[in-house]
Amino acid sequence: MGRLMMKYYYDMTLGFKLTVAFLAVILVPMAILSYASYKVINARLMKEARDKASMGLKAAWTEYYARGEQMRYGMLQAASMEDIKGAVARRDKTYLKKMMSTWKRMRPYVDVWYVVDGDGVVIARLNGDYSGDALPLNGLVSYALKSAEPKISTEILGREVLRLEGNELMDGIFPKPAASNWAEGAQDLRRPPDEAIALMVVTPVLSERNGPVGAIVTGDVLNNDNHLPEAVAQRFPDFFATVSLKGARVSTNLMDKSGVSLKWTAVPVEALAGVSSGGPFFLEWGSPGMSYISIFDAIRDNRGDVIGTLDASIPRESLWVIQKENQRLIIVITAVGLAIAFISALISKARITSPLRSLSGKVASFAGGDRLARAGVVPPFDTGDEVKRLAVTFNSMMDEVVRREEDGRRHLEQIEVKNRELAGLNEEMKKTNEELEVAYEETQSQTEELHAINEELRLLNEDLDRKNAELKKANTIITMEEHELKEAKDKLRLIYDSVTEYILLVDHDYGVMEANRHFTERFKVSEPAAVGRNIYGFFGIEPPEDCPIKAAVRTGKPADAELIAADGSILRWRAFPFLSTEAEPGMAVVYIRDVTEHRNLQGRLMQSEKLSSLGELVSGVAHEINNPLTGIMCFSELMLEQGGLDEDASSKIRKINEASHRCKKIIDNLLTFARWKRPEKRYESVNRVIENCVDLRAYQLKVENIEVETDLEEPLPYTMIDDNQMLQVFLNLLNNARDAIHDTGKPGRIRITSRKNGDRIVVRFEDTGKGIPQNVAGKIFDPFFTTKDVGRGTGLGLSISYGIIREHGGNIYFSSRPSGGTEFFVELPITAGTEKSEAAASAGPRANSLKSRARGLKSLVLDDEPLVRDLLNEALSFSGFTVEMCSSADEALKKIEESDYDLIISDIKMPGMDGKAFYEHVKRIKPRVAGRIIFISGDSKNPETQKFLRQTGNLHIRKPFTVGQLNDIIAKLII
């Protein structure tokens, strides 16, 4: 049985023998083992990879949406500012570019900035001076303006749009990638896309009537922004993220094995097809030397069209370590099996080599010219052994060669016969050629006759050309006359349509006959559709009794009137009688101009004058109060320092002193509103000011069932602020939040947070109150505007807070939800400084040593207020000075001429000669003494007073002041 099997094996083909030998030994079992283990491990690893990739994609979308929300929150505050609304309404390009430059410094990641009008036409752009172009953004701008709400979308910006932004931005968006980057991926992609993908935010700017007057458009161009991939990699170190545009990676942190970035390379075609069919798409793909597992999701524009992809990827190598170890084990086992198979192959080969060697010798004899060489083959010839069949085939081939040599000799003899027949045919062709030459000569003579006929036709054509030239000249003259007539007509129509007011031709029944383009575009009707309609119907009003159209038609003279349209706009109507003799009687040309903004400007000017007058009144009243208030503060302080009082009297005097300090703060607030005050900044902690603010109101808020929650970042950088003014701002925001919760009639919560955001500190006050109505949102920072009941608010809190924050170089804005609740944001710049200035650090020692240095020194007090003179006499005498007092500048000048003084304290505002003139006289009399004058004033915020103090460089102190502040100022001069 064994010999029969071996005989069957030897009779089969050589390929069958080798294949059976190898498969039987190793390949079949190893293939089954490898396939089973690979499938089990691969399924588990693939599930883990899918879960991780999905988590990375969620993180990428979170970062993506967070960037859009940052732009939206910032632009909501900007769009609510009255200055911005006014600039958009009057199309103030210079101011808007300046504001966009300020916003750009706060948000450097935003690449493109536009301000557009209500029709989506660009008023100003940050990166260029070109304006007047439409900015539809795939309908996003129109959608935001129509809904009057901010819209966020990802859109494609074409090269023609980005070219207007300047070369710097273009070079960052469209670099020149290496040609090798485009060799793999989508087959139809050979160069980078000629467009950019950008995260766009359109924030409408609403008028006082909540109608959109324009919009602020911001965009983060993702082509030159690697923020999203880096943010994902920071959260998940082994992850990669990519943003693509139409199949090209425009933002990615993927790299090939050599560390070259895969930016500007093509996304796999399978991924593009997968996301287009809807839903996330998983794919395993490879780059040179690397293999990744990715999940792709579609990026859609405003209309839902797929314009790109967002994907998260993890290296396959980081997860497939177990699979590699399994494969290495299988390879080792397979190598052992192959060694066994190789030995089996050697045994089989030995049985095949001898017959092949014999056949090789016969082939060599054939190559040497032996045509009778034949291989010895033992029957039977019908077998599966390739070597035996090869020998049989060799013998057949040799027989065929001999036969073909005989056939070749016969073919040569036949070719010689054919050559003789061809020679006879050549002789016949020569005769035929001679006959053709004769026919050619006859054809040439006929051609000369045709040339003569053509000459006659040429003369006729020249005559025809002259006639055509005359006709062309006449036609040119007619065309020029028609062109001139059309030019004149177009010029008149251009002027007619270029007027930005309404111009119409109206009949005596108020029916529109003609209308200019401004009118048809305003009411969104075509001119044919407007013809015949009542002109007053367009404005939603009835014809008045003193109708200017009727008056112009009746009297034949111009007539005008001022009417109010249904939307509240004020329109100036002026009608002119139509005097053309060819026109029908009773027609008039009506010129309508919108004067609403002009009237509003007049109203605001009157309001501004009222506020200016009120500011002067407040300043004067504060100045008058400062003198007695200074006496109260300082006398109470002196009484406390001198001692000798019982505890009850000391307590009462201390309360008087605290109340006077409170009055001083109130006067400071009034002067801050009336005249601008530069903050007295120190290097302070914003968190400490917030904690002090909460401590002041904690008990009252607790009694009213209002929970206060603080979340303050630690450590928060120090910055230069006026802590008293900042406390005033935070107290005002805290009180407003308390009032908003109180109006709901329910318990509530106030949450205060502080965070460092780049180079700025952001403080947020969030409450659960009733919120701010949209119709008053644009007015809350206006002076004297309040929604509180009479007696509960003055309308100065937020306007003063706004001024304080802007003077600190920061910004204050808010966001209110329709369902209730308001968030106020205060942004302050982080400014480097020291814990205490050198002057402040040394003020204490100077004040402490004042008493020891002042003994024996002479001082002169000049003030028209007896109370202030007495106060200064008491304070200086207590410090050791010999004091002389004067109530007028003339009296003081006489004393200065007669004696020398170590210290002079003078009021600035006095009847007769004021402090400024007194200083100039002293400077002429005794220049050295002029430098010893310390000025006091109750209105040092006055610009003229501030200018005088800067020019002289003398020390000064503002009323009301404390004895300690007075001693510090004197110590700076004496010590």
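The exercises below work through parts of a predicted model.

Local features are taken where pLDDT is at least 70, side-chain atom pairs count only at pLDDT 80 or more, and totals for chains, interfaces and linings use all residues. Residues are numbered from 1 along each chain as its sequence is written, and side-chain values use heavy atoms, with hydrogens and water left out.

**Exercise 1. Describe the open sheet of 5 strands and the helix that lies across strand 1, strand 2 and strand 5.**

Step 1. Fix the terms. Helices (H or I, at least four residues) and strands (E, at least two) are DSSP runs numbered from the N terminus. Two strands pair if DSSP finds at least two bridges between them.

Step 2. Read off the order. The strands are arranged 2-1-5-4-3, with antiparallel pairing. Strand 2 (122–125) and strand 3 (151–158) are the edge strands, each pairing on one side only. On average, neighbouring strands are turned by 30° against each other, direction ignored. Axes here are lines fitted to C-alpha atoms, for helices over the stretch in contact, and angles run from 0 to 180 degrees between N-to-C directions.

Step 3. Look at one pair. Strand 4 (residues 195–206) and strand 5 (residues 212–221) are antiparallel and share 9 bridges. L206 has P212 of strand 5 as its bridge partner.

Step 4. Add the helix. Helix 4 (residues 93–106) lies across strand 1 (112–117), strand 2 and strand 5, at about 45° to strand 2. Contact means heavy atoms within 4.5 Å.

**Exercise 2. Describe the hairpin of strand 6 and strand 7, and state whether strand 7 is buried or exposed.**

Step 1. Strand 6 (residues 240–245) and strand 7 run antiparallel and are joined by 4 bridges. In one of these strands, strand 7, S251 is the bridge partner of V243.

Step 2. The hairpin has 2 residues between its strands, and K246 in the turn has a positive phi of about 50°.

Step 3. Buried means under 20% relative accessible area, exposed over 50%, and partly exposed in between (1.4 Å probe, protein chains only). In strand 7 (residues 248–252), 5 of the 5 residues are buried, so the strand is largely enclosed by the rest of the structure.

**Exercise 3. Characterise the largest cavity and its lining.**

Step 1. A cavity is a set of points, on a 1 Å grid over the protein atoms alone, where a 1.4 Å probe fits but cannot get out; lining residues have an atom within 4 Å of a point. Grid points are joined across faces, edges and corners, and a volume is the space filled by probe spheres set on the points.

Step 2. There are 2 cavities of 30 Å³ or more, and the largest has a volume of about 80 Å³.

Step 3. Its lining includes E63, D220, V243 and S251. Helix 2 (14–80) and helix 8 (227–235) each supply at least two lining residues; the largest share, 3 residues, comes from helix 2.

Step 4. The lining divides into 5 nonpolar, 2 polar and 4 charged residues. Ala, Val, Leu, Ile, Met, Phe, Trp, Tyr, Cys and Pro count as nonpolar, Asp, Glu, Lys and Arg as charged, and the others, Gly among them, as polar.

**Exercise 4. Place R91, N705 and P715 in their loops and describe their backbone.**

Step 1. R91 sits in the loop between helix 3 (82–89) and helix 4. R91 has a positive phi of about 60° although it is not a glycine, and is partly exposed at 41% relative accessibility.

Step 2. N705 belongs to the loop between helix 18 (686–703) and strand 17. Its phi is positive, near 60°, and N705 is exposed at 53%.

Step 3. P715 lies in the loop between strand 17 (706–712) and strand 18 (719–721). The peptide bond joining E714 and P715 is cis, with omega about -5°.

Definitions and conventions
On a 1 Å grid over the protein atoms alone, a cavity is a set of points where a 1.4 Å probe fits but cannot get out, and a pocket is an open set with protein on both sides within 12 Å along at least five of seven lines; lining residues have an atom within 4 Å of a point.
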